[in-house]
Amino acid sequence: SSGPNPCHVSNISPELPLSNTEQSVLSRGLTFVPLRLHLNEFCVCHDVELFFRRFRIQAFFHGKESSPHSDDRFSRLQRTPSSWTPRHGHLPAFDLFILNSRRDINRLNFSTSLTFSNLSLLNINSVQSALTYLISRLLSTLTPPPIPN
């Protein structure tokens with residue numbers, strides 16, 4: 001089934017025709033997320049920690065004005081990605097939320113698999129083949145950097 005309110009799918013690329021199964025998956029809308037049958041514990045914990053960091057940073061800088069960019073030569077330098085995270089205790093409610101979330105995640109059993117999927121096997125194969133095609137198209141459009149003489 002395509003869900004309670006299937007969306008209309010318009011393909012604007014004549015170079016990438018969509019099969020009926022691909023259209024079926026896309027018609028579920030932008031909020032549809034396929035379920036994974038197996039979860040990778042490391043990836044889940046890593047993604048959650050990145051979320052917590054962004055969460056803390058947004059809370060730390062909320063309501064503070066950002067300084068306008070100046071025209072000095074240092075402002076044009078490439079920025080190095082930062083791993084800075086606001087300290088614990090800045091907002092106790094956030095710390096409690098993060099602590100409780102970590103505790104709940106640690107209680108999950110990552111060795112079990114889901115016994116159901118929200119996609120049929122045909123839909124899963126169709127999505128995988130579409131991704132493979134898109135990746136190959138992307139890789140074919142990349143041009144190597146020129147070799148210096």
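**Close-up 1. The buried residues of helix H2 in this predicted model.** Five residues of H2 are worth picking out here: Val 48, Phe 52, Arg 56, Ile 57 and Ala 59 are the buried ones. Part of what covers them comes from H3. The helix itself runs over residues 41–61. With 21 residues, H2 reaches 30 Å from its first C-alpha to its last, close to the 30 Å expected at 1.5 Å a residue.

**Close-up 2. The two ends of H2.** At the start of the helix, look for Asn 40: one of its side-chain oxygens comes to within 2.9 Å of the backbone nitrogen of Phe 42. Just past the other end sits Gly 63, with a positive phi of about 85°.

**Close-up 3. Arg 53 and its partners from further along the chain.** Arg 53 belongs to helix H2. Its relative accessible area is 22%, so Arg 53 counts as partly exposed, not buried, since buried means under 20%. Setting aside neighbours within four places in sequence, Arg 53 touches Ser 82, Ser 83, Trp 84 and Thr 85. Take Ser 83 as one of these: 30 residues separate it from Arg 53 in sequence, while the C-alpha atoms are 8.9 Å apart in space.

**Close-up 4. The largest cavity, with H2 and H3 in its lining.** Just 1 cavity of 30 Å³ or more turns up in the model, and its volume is about 40 Å³. Around the space you'll find Arg 56, Ala 59, Pro 86, Arg 87, His 90, Leu 91, Phe 94 and Asp 95. Two of these names, Arg 56 and Ala 59, also appear among the buried residues of H2. Helix H2 and helix H3 (92–106) each put at least two residues into the lining. By class, the lining splits into 4 nonpolar, 1 polar and 3 charged residues.

**Close-up 5. Asn 123 in helix H4.** H4 covers residues 121–141, and Asn 123 is part of it. Asn 123 is buried, with a relative accessible area of 6%. A polar atom of the Asn 123 side chain lies 3.4 Å from the backbone oxygen of Thr 21. Beyond neighbours within four places in sequence, Asn 123 is in contact with Thr 21, Ser 24, Val 25 and Arg 28.

**Close-up 6. The largest pocket, lined in part by H1 and H4.** This pocket holds about 380 Å³ of space. Its lining has 13 residues, and the ones nearest the centre are Glu 22, Val 25, Leu 26, Val 127 and Ala 130. Helix H1 (20–26) and H4 each bring at least two residues to the lining, with H4 giving the most, at 4 residues. The lining comes out as 11 nonpolar, 1 polar and 1 charged by class.

**Close-up 7. The second largest pocket.** Its volume is about 260 Å³. Pro 34, Leu 35, Arg 36, Leu 37 and His 38 are among the lining residues, as are Ser 117, Asn 118 and Leu 119. Ile 124, Val 127 and Gln 128 also line this pocket. Here the classes are 6 nonpolar, 4 polar and 1 charged.

**Close-up 8. Stepping back to the chain.** The secondary structure comes to 4 helices and 0 strands. Of the 149 residues, 13% are buried. Among contacts with a separation of 6 or more, 79% link residues 24 or more positions apart.

Key:
Residues numbered from 1 in each chain as written. Predicted model: local features only at pLDDT ≥ 70, side-chain atom pairs only at ≥ 80, totals over all residues. Heavy atoms only, no water. 1 Å grid on protein atoms, 1.4 Å probe; cavity = no way out; pocket = protein on both sides within 12 Å on 5 of 7 lines; lining within 4 Å. Points joined across faces, edges and corners; volume = space filled by probe spheres on them. Nonpolar A, V, L, I, M, F, W, Y, C, P; charged D, E, K, R; others polar. Expected span 1.5 Å × (residues − 1). Buried < 20%, exposed > 50% of the residue type's maximum accessible area, 1.4 Å probe, protein only. Contact = heavy atoms within 4.5 Å. Polar contact = N/O pair within 3.5 Å; in protein donor to acceptor, adjacent residues only side chain to side chain.
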